[in-house]
Amino acid sequence: MGRFSIPTITLLAAAALLLPPGAAAQDRGLARHLDRAAHRPAVPGPNGLVTAGHPLASMSGLRMLMAGGNAADAAVATLATLNVVRPQMSGMAGNGFLTVYDRVSDRVYSLGATGAAPLAIDPSSRTADELNKGIHAGVVPGLFGGWIALLDRFGTMSLAQVLAPAIDYAENGHPIEPSVVASIESHKELFESFPSSRRMFLPLGRVPEPGENFRMSDLANTLRQVVEAEQVALAAGKSRSDALQAAFDRFYRGDIAEEMARFYSENGGDFTMEDFARYEPIWAEPVHTTYRGYDVYTSPPTSRGGLEVTMQLNLVEGFDLRALGPGSAETIHLLAEAIKVAKADIYAYVADPALVDVPVDEMLSKDYASARRSLIDPSQVMAYPAAGNPARVEVFQPGGRAAGTGVAGAGLAERSRGHFAEQSYEGSTTSFSIADRFGNVIAATPTHGGGFGTGVVVGNTGLTFNNGTRIGSTSPYPDNVNYVRGGQIPILNNSPIIVLRDGRFHAALGTPGGETIGQTQFQVLVNLLDFGMPIQEAIAAPRFALAGEPNFYRPGAEIHFRLEDRLPGDVVHALEGLGYAVELAPGYAFGSIQGITLDARMGTLMAGADPRRVAYAVGW
């Protein structure tokens, strides 16, 4: 299918300019100047908005909206294009979560597109490094199944229509972005160890140059194969739903799955046809909390980030943040302490709900938040606490054996993957939000886990799997609920959010950031809901991030506190007075939120794109 013809209309786009690292003076005021300092306007879109982690991805989504499609159609087009232009961060063989507001049913839904570890995996025979990168790492591709599930339930267009932009960019090329080049450079040694990876990412025997026209022919062919399955089914008189299922089956049970299984078998990996055939995307009720009159919906387990964000909101609801002000040391301290308290519970209790009884309701109860809030002292920093006791948690395994929530035992080597590794130049996750003219809204956060996931291109498919077996998505401790187990879905932090007010859409947002995803979304929600910032100001405002050493599974872990350096010096000194060892990060360092909000007074929608990466918002 060829390029779409775009009508001659005015496209409103957020400038993709980044503030130079030293440009933010520490004595600059906060909210009053942040929108201007970020060199970006908020973007209006009376007929539709797409804000995503790359300009071409945003435009692919907008093309679907302009052609008469809805948010679901635009979301799949955006996801597919991200596979091409952000291959280190996302792809059809990656994982992800989507949060969907459907105007017709007036409900919010969660879609989990996350695959399990291979049934044959034996973590005791693998090192942490082997479970992080290479042929022994990875989980079943989840995201493509999510594309099909979303199109089938809420979309209106064909797979052929929504994949057309991605096929075009993969087959004919696009100017490769510098961050992708930097990520390829950092994975060069791994890519050179597999002919399939060399062919994809080192096509001329070298790392591509920024701006060079970059093609992904094998990926284009895989995208055409699933479209072909759909079109053959339609030509045979099958329904739209059956045709989409034909594309799904070709990927997970047909010749594409056979190629993936063949490759892993020939190279000593663990994936088999059975692993792919048993995969299904999961529609689930989102986790939900109320916060100062707003309804906040986000991803349930197998996301840990959804519970983290909602628990953090519950914890700070007992403090008058508005009186303390945005960017004050007092506000930052309360938010940081809430993050620590929530993470202590998250890392003790959250795992694949198909195998673990996760006490979601108890963890989200306001009474439990009140009890845990007593740990927070506004006058000083606490040590990283132990988990509370919302309910008893067990892991149910074949043979009736149960694993507890402790952290003792030999297990895999303890290591945090670089305290703030996700914030490097390369990234490994992306996010987008979409609103259509029909009133539907979708927020999505797809991921490869670590940069390029496993780093192994699977045969002639052009696909790399999410490295979900890595420490972070899994626990290094055998008696923890989230230890690597065959057939178990590891935990992601991805947790795209939709906020309603009085039953009406108010905001959608999501971010990459690895360990910082829940932390970043929490801070931006407070900016929006407590301080009433416009979307672009809320996104651009200075942020902080916490990391745990050796990890957040350990009570008493050493907490590293890092703060973007655009806050006044007196705020930094006040934080040090509370007990923080402040590490300053240059400029715009943490996460990359793309969001849409409703201006309740004006009744209009506006989109924001994060200056921390090359993100772009467009509307029409």
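What share of the contacts in the protein with a separation of 6 or more comes from residues 24 or more positions apart? The figure is 74%, where a contact means heavy atoms within 4.5 Å. What you're looking at is a predicted model, in which local features need pLDDT of at least 70 and side-chain atom pairs count only at pLDDT 80 or more, while totals for chains, interfaces and linings use all residues. Residues are numbered from 1 along each chain as its sequence is written, and side-chain values use heavy atoms, with hydrogens and water left out.

**The big picture**

- The protein has 620 residues, and 63% of them count as buried; buried means under 20% relative accessible area, exposed means over 50%, and partly exposed is in between (1.4 Å probe, protein chains only).
- About 20,600 Å² of the protein is exposed, with 52% of that supplied by carbon and sulfur atoms; these areas come from the Shrake-Rupley method with a 1.4 Å probe, and for residues only the protein chains shown count as cover.
- The secondary structure adds up to 21 helices and 22 strands, which are DSSP runs numbered from the N terminus (helices are H or I with at least four residues, strands are E with at least two).

**The seven-stranded sheet**

- Here 7 strands make an open sheet, in the order E2-E21-E20-E16-E15-E10-E9, with antiparallel pairing; two strands pair if DSSP finds at least two bridges between them.
- Strand E2 (43-44) and strand E9 (287-291) sit at the edges with a single partner strand each, so one side of each has no neighbour in the sheet.
- Helix H14 (residues 305-316) packs on this sheet, where it touches E9, E10 and strand E15 (497-501). The direction of H14 makes about 20° with that of E9; axes are lines fitted to C-alpha atoms, for helices over the stretch in contact, and angles run from 0 to 180 degrees between N-to-C directions.
- E9 and strand E10 (residues 294-298) run antiparallel and are joined by 5 bridges, and Tyr291 has Tyr294 in E10 as its bridge partner.
- In the loop between E10 and H14 you'll find Ser299, which is buried with a relative accessible area of 0%.
- Not counting neighbours within four places in sequence, Ser299 is in contact with several residues, including Phe97, Thr99, Val287, Leu307 and Pro496.

**The three-stranded sheet**

- Another open sheet has 3 strands in the order E17-E18-E19, and its pairing is mixed.
- Its edge strands are strand E17 (544-549) and strand E19 (582-585), each pairing on one side only.
- Neighbouring strands in this sheet are turned by 30° against each other on average, direction ignored.
- E17 pairs with strand E18 (residues 558-564) in the antiparallel sense, over 6 bridges, and Glu549 stands opposite Glu558 in E18.
- Helix H16 packs on the sheet and touches E17 and E18, with its direction making about 35° with that of E17.
- Helix H21 (residues 569-578) packs on the sheet too, touching E18 and E19, and its direction makes about 150° with that of E19.

**A covered helix**

- Helix H19 (residues 517-529) is mostly covered, with 13 of its 13 residues buried.
- The 13 residues of H19 should span 18 Å at 1.5 Å a residue, and the end C-alpha atoms are indeed 18 Å apart; the expected span is 1.5 Å times one less than the number of residues.

**Salt bridges**

- The structure holds 24 salt bridges, each being a side-chain nitrogen of Lys or Arg within 4 Å of a carboxyl oxygen of Asp or Glu.
- Asp345 and Arg372 meet through their side chains in one of them (3.3 Å, N to O). Asp345 lies in helix H16 (residues 329-349) and Arg372 in helix H18 (residues 366-373), so this pair ties together parts that are 27 residues apart in sequence.
- Both ends of that bridge are buried: Asp345 has a relative accessible area of 0%, and Arg372 has 9%.
- Arg262 and Glu259 form a salt bridge (2.7 Å, N to O) inside helix H12 (residues 255-266), where they're 3 residues apart, about one turn of the helix.
- Arg262 is partly exposed at 34%, whereas Glu259 is buried at 13%.
- Glu192 bridges to Lys188, with the closest N and O atoms 2.7 Å apart; Glu192 is partly exposed at 37% relative accessibility, and Lys188 is partly exposed at 25%.
- A network of salt bridges links Arg543, Glu564, Arg566, Asp610 and Arg612.
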